[in-house]
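Me: I've got this model open and I'd like to check the words people use for its residues. Can you take me through the reasoning behind them?

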Amino acid sequence: MPQIFCSVNNCHYYGQGNLCQADKILITSDTMSQNLSANIDAPNAGQITPTPVAKCPETCCKTFVHKNDFNQNTDGVIKR
Ligand code: SF4
């Protein structure tokens, strides 16, 4: 897997050096992310409708989970 660098340091998957430690992530449009339930994430990526956007700021990481959220494992993503 390629290295994913991310500065969102309040994410459960955030790692030292701004290196994401999730075994997989899902990037989608902001709109799609807001409409999907919390348990739909990278393991379900093949079932999600493609979502074109016009600009970079219209995308987001659906895999984000706050480090203090007790539901960190509902998305099926593993922290390496
Ligand atoms: S899961 Fe997403 S928001 Fe969280 S550290 Fe990885 S890339 Fe960043």
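Reply: Sure. Strands here are DSSP runs of E with at least two residues, numbered from the N terminus. T28 lies in one of them, strand β1, residues 27-29. Keep in mind that this is a predicted model.

Me: Why is T28 called buried?

Reply: Buried means under 20% relative accessible area. T28 has 6%, so T28 counts as buried.

Me: What makes the pair T28 and T51 a polar contact?

Reply: The cut-off is a pair of N or O atoms within 3.5 Å. The side chains of T28 and T51 come to 3.2 Å, and they make a polar contact.

Me: Why is I27 called partly exposed?

Reply: Partly exposed is the range between under 20% and over 50%. I27 has 49% relative accessibility, so the label is partly exposed. I27 is also in strand β1. Its C-alpha is 7.7 Å from that of T63, although I27 and T63 are 36 residues apart in sequence.

Me: What about T31, and why does T31 count as exposed?

Reply: Exposed takes over 50%. T31 has 53% relative accessibility, so T31 counts as exposed. T31 lies in helix α1. In space, T31 and E58 are 8.1 Å apart, C-alpha to C-alpha, with their positions 27 residues apart in sequence.

Me: How do you know which residues are around the ligand?

Reply: The test is a heavy atom within 4 Å. The residues around the ligand are C6, C11, Y13, Y14, C20, I25, C61, T63 and F64. By type, the shell has 8 nonpolar residues, 1 polar and no charged. Cys and Tyr count as nonpolar. As for the space taken by the ligand, that is the second largest pocket.

Me: C6 and C11 are both in that shell. Why is C11 called buried?

Reply: C11 has 11% relative accessibility and the limit for buried is under 20%, so C11 counts as buried. C11 lies in the segment before β1. The C-alpha atoms of C11 and D69 are separated by 9.3 Å, at 58 residues apart along the chain.

Me: And why is C6 called partly exposed?

Reply: C6 has 27% relative accessibility, which falls between the buried and exposed limits, so partly exposed is the word. C6 is placed in the segment before β1. G17, 11 residues apart from C6 along the chain, has its C-alpha 8.8 Å from that of C6.

Me: What makes the phi of N18 worth a remark?

Reply: Most residues other than glycine have a negative phi. The phi of N18 is near 60°, a positive value in a residue other than glycine. N18 is found in the segment before β1. With a relative accessible area of 31%, N18 lies between the two limits, so N18 is partly exposed.

Me: Last one: what is the predictor's confidence in the protein?

Reply: The mean pLDDT is 94, on a scale from 0 to 100. A pLDDT of 70 or more is reached by 99% of the residues. Among the elements, helix α1 (residues 30-35) has the lowest mean, 96, and strand β2 (residues 59-61) the highest, 98.

Key: Residues numbered from 1 in each chain as written. Predicted model: local features only at pLDDT ≥ 70, side-chain atom pairs only at ≥ 80, totals over all residues. Heavy atoms only, no water. 1 Å grid on protein atoms, 1.4 Å probe; cavity = no way out; pocket = protein on both sides within 12 Å on 5 of 7 lines; lining within 4 Å. Sits in = over half its atoms within 2 Å of the grid points. Helix = DSSP H or I, 4+ residues; strand = E, 2+ residues; numbered from the N terminus. Buried < 20%, exposed > 50% of the residue type's maximum accessible area, 1.4 Å probe, protein only. Polar contact = N/O pair within 3.5 Å; in protein donor to acceptor, adjacent residues only side chain to side chain.
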